[in-house]
Amino acid sequence: MKKSDLKSAIKKERFFFAMVPAVVWQGLFLFLPLLFLVVISFIKGWSYTGVHGGFTLENYTSLLDFSHLRVLFRSFFLALINTTVCLLVAFPVSYFISVKSRRWKNCLLFFLVVPFFTNFLVLVYSWFFILERNGVINKFLSLFGLGVSGPLLYNMPAVLLVMVYCYLPFMAMPIYSSLEKIDKSLLEASSDLGANFRQTFFKVVLPMAFSGIRTGVFLVFVPSFGEFVIPTLIGKGEPFLVGSLVSYYFTQSLSPSFGAAFTSISCVFLVIVAFLWFVLLKLIFTKNLRGSDNGKN
Amino acid sequence: MRSIELKNITKSFGGELILHNFSVTIPSGIFFALLGPSGCGKTTILRIIAGLEKQDSGSIFLGKKNITQVPSNERTVNTVFQNYALFPHMNVFDNIAYPLRVKKVDTNTIEQKVLDTLKMVHLEQHIYKPIQFLSGGQQQRVALARAIISEPDVLLLDEPLAALDLGLREKMLIELKELQCKLGTTFVYVTHDQSEALTVAHQMAIMNNNGQIEQIGEPKEIYEFPRSRFVAKFVGTTNILSGKKIGSTIEIEKEGAFSLSISEERKEDGKELSISLRPEKIYITKDKLEGFSNVFVGTVISVVYQGRSTQYVVKLGKSGITVNVFEQNEEHFPKEVIEVGNLVNLYWQKENVVILKNEKI
Amino acid sequence: MGKIKRYASFLFLPLFVVFTYVFMYVPIVVLVVYSFNKSSLPYMWTSFSVDWYRTLFYSSAILDAFKNSMLVAFGAVVLSLLMSVLLVVGLVELRIERLLTMFYGTLIFPEIVLGVSLLSIFVFFSVPLGIVTLIVGHTLFGLAYSVPIIYSRYKEINKYFIEASMDLGATPTQTFFRITLPMLKPALFVSGLLVFIISLDDFLIAFFCSSVSSQTLSLYIFSMLRSGVSPVVNALSTIMLLVTSVVVLVLSSINNRIRIF
Amino acid sequence: MFTFTVMRWFIRLGFVILFLSAVFIFLQLPRTDWFFDNRKSLNVYAWANMIDEEKLLEFEQMAGVKVRISYYENTEELLLKLSTTKGSDCDVILTSDYIVPELIKNNFVKKLDNKQRTLLKRISAEFLGHYYDQKNEYSIPYEWAIYGLGINKKLCKDNYPEASWKTIFKPPFGYGVNMLDEARTGVMLAGLYALKRNPYTEIKKILPKINKLLQKQKPHVKVYSELLADYLVSSGNCHVVVAPSSLIWKVMRYDDNVDFVYPKEGGFFSIDSAMVSIDTKKDDMIFMFLDFLYQPNVMLHHFERYGIFPPDICIFKKSLKKWDRLKKVMPSSDEFKNALFFRKVVSEDAMNKIWVEVMS
């Protein structure tokens, strides 16, 4: 009698059991490690092999110097430029695919999605053949006697170029999906060239694309802020970014408590940036609304 | 084949009371129709019987067995859903075989039974078709076959024909009725279409907007003798007239110009009463006729040709009361042509007048 | 003048798109072309050959990396699908769908942050780094992608089907396996493919959470790149591009049913 | 009602604990034997391109043992990964000199047995008895190199650089150089340049100067990379590079434009050694493997194929006949004597501070 009671009680909890694995997984491998990171950032001289000091703020205070802040702001501006360029390139492209491409649509879409899903390292790797000293660009230029002596690699512009290249699909895809939801007949009705087009563009296309742009900016900005692969491979230490520094602290210098502190600072920085971005959006958005209201009146 | 009894069912959704102390007994082996306007809770009743919805209080009996606490899958009650709910990832055969498969019936039996059932609903030639390739009517039959294959005690049909066009609907109605005769299963048929209910049901119940049964009985009884204004209006078309009862007449409105004789003599003199008079029971003509207990004079204000019959709207005198009249189009070219503006006489027998339960509306 | 301006604005957008696609594909095309180069010097075209593909298939390091990548990807796919389905069913039936937000949080952090935090906690609890820790990390990402897809599909499944199944006599378990799961199949398929691709793509988690004995393809390419350029990597990259293209083709063929992009 | 809720929470908690333990078991899977069948296989940690796969195959067929090589990117990574497994999933470690003391200190490696020590006889005296393992109780040198300057002759023909570290820190006008990309090596190099003598003891005092030196050097540095030095100098990306001799030798074989010199202040020795993991019970198998690796023909093969300098000067000298230019990378006995090591004498934090400031 009691056994069957227990059995039915267990049976009643089956939905709870069902959700346990994923929730525990998420807690154990996402929230706990993040918390752990914050904790070790307050411990003096924590290292993998287990030297434990006490609580300290030293890790933070020693990081608040000019060189660390420089890395932080450099990453921020690089990510900002990258995001802006990606947006400026991706928007017209996704607009074209979604609205104007007609029978080429599937083809164009396919070729947009392939880089999106391609291994990041393959994309980075492909640029070696373009930017190398004997690479495509230099060879091309030397045809006109304009040979450049050095490689086009190992500098900030190259890193930025490859970043734009790698993150372009991440911006284009969400914008495309949001533009796809627009009723196309509405756009077809308005001619492309007149003032009519401008109106539909600002009243229909842009507001519809807004959610896509937001997602795209998010998808591009956050990883490019923490970018590690491209500056390591294309830049070789130039520019020195947040990702490189974090990786340096954790794997090369083996002083994870500094790394943890720096990671926490970067995350806080990122949160502040995200908050400001959010406020800015809200401001622009409300202003726009008011503006269009005025137009109506 | 068992009867169903609902006792004092109460059910509310999000604070809104849908059913309050609802009780009904559905005898075994009959085709029972539950008729009511949309949103009256009739689907909820069906879902409570099926066990898909849990009532707040009250009990349900299947035959003599109390099934109040029995989960849906253990009730020998199957449902044909309004949207059929055919499993899109299965073909016709798999859909129909589903109830047997989950009961772990052996394959041979399943095959035999599915074939038999398919024959019953005339779908033998579509046995392995994917569901998406079937027409609405065929999907309806599959849903039906799936619901009857496990030989339930009660079959619930939730507006099963709503999605079909008129012709198909009529055909299906007849087939449903034949099927019920053949199987002898209790069918509970929920609809808001009174003509469907009238066509198929052995017995029908009319529900009002408050989730209560207004009247229960055989279709003819309900149609000819509606007990309330609601029933009279909901089942078929009718003319509702009200007035003060004086002896065996009712004085319509204040003018006193129109009095109508009734056959009933209840001692309710001086009371306000409503009567129902079916439009087809009225005879409309310009001529003067004898032998009718009632005659009203009025002006035709609208004539609508409806094929089978013609609908006239007649205004009585100056009072503004209008009366609907149906006249069978018996001939290609009727001798008497009635047009808008004509002065006509309306005749009917007093036995056709139904006095409605007194209610304040 | 006006005419010229009109033509210019008419042509601008298509030209811009063409330019962007050229920008996107020139490096890839060059990469693929050089994988068929006979010379081992990466920048000199000598003659056509498929030698590097042969080398690729005989290189035990690459085959090991491939094996590891596959193992990790399959592990991540299986685990994340299993857990997301269970999670979605559990949350929806318990009506605590708010909890879903905790699964959208994964992507807020830069991947490198997750990488180093996982690394520190693994090392601290002396969890041996390797295939298993990689699967753990990738499953985390897998959940972030598969949970929303499966959730929206689960909500789309008409409740009627489940009711119908119960009504027809199936137990909840039978209903789950015979109705819910098959109807989730397209969503499962799509998110499975996504998780698979994401796992193959991932570099940062692999960089931090794998051990020397569990090199993945991404790590392999990275380590090759550190010490220069090798045509074998071109061949490998070409094959990976091919795989990606096939996956994208499959995805786009069912894109109409389940919107992924 | 009360008891029911308590039971309910017990059941829930029980399930969570059950799942947690399942996760724990999952995480510990690699420790179990069936996950990695270790009996007939050797696990080796090594830098990339240290052992030729063909030779490996040869050994596998000969000995009937599967050798699984795990490559690592930098020694810190090796240390980190060893510390998670406590050395349990490897048998042989091939790694750099400066990490050896730490491996010994942390008990990741064990002393060589007598049989294994016999292999030391094949090693030339130049490579034995160095600071990291003075009696060679733990390690057998496998590969060596001395850091010097790689020079692109064609680019530098007008102004051939001085054979001094000055070339790296104050290069002639317009010259691009590379620089070592690790804090330890970079700081030590700058220390030597600043002091012009062995910096081991005094380096701690001149850290600010080193910092300034490295900062000043930065504009001249095109690339911070050691691994790419051969490519950088031969392709003309850099005029002069700091690199281990063996790395430059790799390109010198093909590219006559590349030259190599040892700076007058002295080069930096780098010796990679083979060591035996603490947990392994396959000592015989390890001996077989090492014995194979240290056979003269295998060493020669590795030298010819990958430019791995064998720790046996005889083999090296024999090749001089074949390649005339090998002389350039062959150190004189003085140069051997003068060579320093990139030892870890400065504290990790101080080094980091300098390095981060320079890099950022």
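# Exercises on a predicted four-chain model

Of the 360 residues that make up chain D, 46% count as buried. The structure is a predicted model, and the predictor assigns the complex an ipTM of 0.79 and a pTM of 0.82.

## Exercise 1: Chain D as a whole

Task: Describe the confidence, the secondary structure and the overall dimensions of chain D, and find what share of its contacts with a separation of 6 or more joins residues 24 or more positions apart.

Solution. Begin with the confidence, since where pLDDT is low, the predicted coordinates should not be read in detail. For chain D the average pLDDT is 84, and 95% of the residues score at least 70. Next, take the secondary structure, in which chain D has 16 helices and 11 strands. The dimensions follow from a box along the principal axes, and the C-alpha atoms of chain D fill one of roughly 95 × 50 × 35 Å. Finally, consider the contacts in chain D with a separation of 6 or more, of which 75% are between residues 24 or more positions apart.

## Exercise 2: Two domains in chain D, two in chain B

Task: For chain D and then for chain B, state the bounds of the domains, the separation of their centres and the make-up of the contact between them.

Solution. In chain D, the domain assignment gives domain 1 as 41-144 + 270-326 and domain 2 as 145-269 + 337-359, so that each domain is written as two segments. The centres of these two domains of chain D, taken over C-alpha atoms, are separated by 26 Å. Where the domains meet, 11 residues of domain 1 of chain D are in contact with 14 residues of domain 2 of chain D. On the domain 1 side of this contact in chain D there are 7 nonpolar, 2 polar and 2 charged residues.

In chain B, the assignment gives domain 1 as 4-233 and domain 2 as 238-355. The centres of domain 1 and domain 2 of chain B, again taken over C-alpha atoms, are 39 Å apart. Their contact takes 5 residues from domain 1 of chain B and 5 residues from domain 2 of chain B. The domain 1 side of this contact in chain B has 3 nonpolar residues, no polar residues and 2 charged residues.

## Exercise 3: Which chains touch?

Task: Decide which of the pairs of chains that touch has the most contacts, and describe the side that chain C offers to chain A.

Solution. There are 4 pairs of chains that touch, and among them the pair of chains A and C has the most contacts. Two pairs can be set aside: no contact joins chain A and chain B, whose closest C-alpha atoms lie 14 Å apart, and chain B does not touch chain D, their nearest C-alpha atoms being 20 Å apart.

Turning to chains A and C, the contact takes 65 residues from each of the two chains. Several helices of chain C supply two or more residues to the side that touches chain A, including α3 (60-94), α6 (131-156) and α8 (172-201). The largest share of that side, 15 residues, comes from α1(C). By class, the side of chain C that touches chain A has 48 nonpolar, 13 polar and 4 charged residues.

## Exercise 4: The contact between chains D and C

Task: Find how many residues of chain D are in contact with chain C, and which element of chain D gives the most to that side.

Solution. Counting residues, 23 of chain D are in contact with 17 of chain C. At least two residues each are supplied to the chain D side by α1 (2-28), β1 (41-47), β2 (66-72) and α3 (75-85) of chain D. The element that gives the most is α3(D), with 5 residues. The chain D side divides into 12 nonpolar, 5 polar and 6 charged residues.

## Exercise 5: A helix in chain A

Task: Test whether the span of helix α2 of chain A agrees with 1.5 Å a residue, and locate its kink.

Solution. Helix α2 of chain A covers residues 14-40, which is 27 residues, and at 1.5 Å a residue it should span 39 Å. The end C-alpha atoms of α2(A) are 37 Å apart, which agrees. The kink in α2(A), of about 35 degrees, lies at Val20(A), shortly before the proline Pro21(A).

## Exercise 6: Two positive phi values

Task: Where do His122(B) and Asn107(D) lie, and are they buried or exposed?

Solution. Recall that most residues other than glycine have a negative phi. His122(B), which is not a glycine, nevertheless has a positive phi near 60 degrees, and it lies in the loop between α3 (107-120) and α4 (136-148) of chain B. His122(B) counts as exposed because it has 12 C-beta neighbours inside 10 Å, the cut-off for exposed being 12 or fewer.

Asn107(D) also has a positive phi, of about 65 degrees, without being a glycine, and its place is in the loop between α4 (100-105) and β4 (109-110) of chain D. With 11 other C-beta atoms within 10 Å, Asn107(D) is exposed.

How values were computed:
Residues are numbered from 1 along each chain as its sequence is written. Chains are lettered from A and ligands numbered from 1 in the order in which they are written. This is a predicted model: local features need pLDDT of at least 70, side-chain atom pairs count only at pLDDT 80 or more; totals for chains, interfaces and linings use all residues. Helices (H or I, at least four residues) and strands (E, at least two) are DSSP runs, numbered from the N terminus. A residue is buried if 20 or more other C-beta atoms lie within 10 Å of its own, exposed if 12 or fewer, and partly exposed in between; C-beta atoms are placed from the backbone. pLDDT is the predictor's confidence in each residue, from 0 to 100. Two residues are in contact if their C-beta atoms, placed from the backbone, lie within 7 Å. Ala, Val, Leu, Ile, Met, Phe, Trp, Tyr, Cys and Pro count as nonpolar, Asp, Glu, Lys and Arg as charged, and the others, Gly among them, as polar. The expected span of a helix is 1.5 Å times one less than its number of residues. The bend at a residue is the angle between axes fitted to the seven residues ending there and the seven starting there. Domain bounds come from an automatic or database domain assignment.
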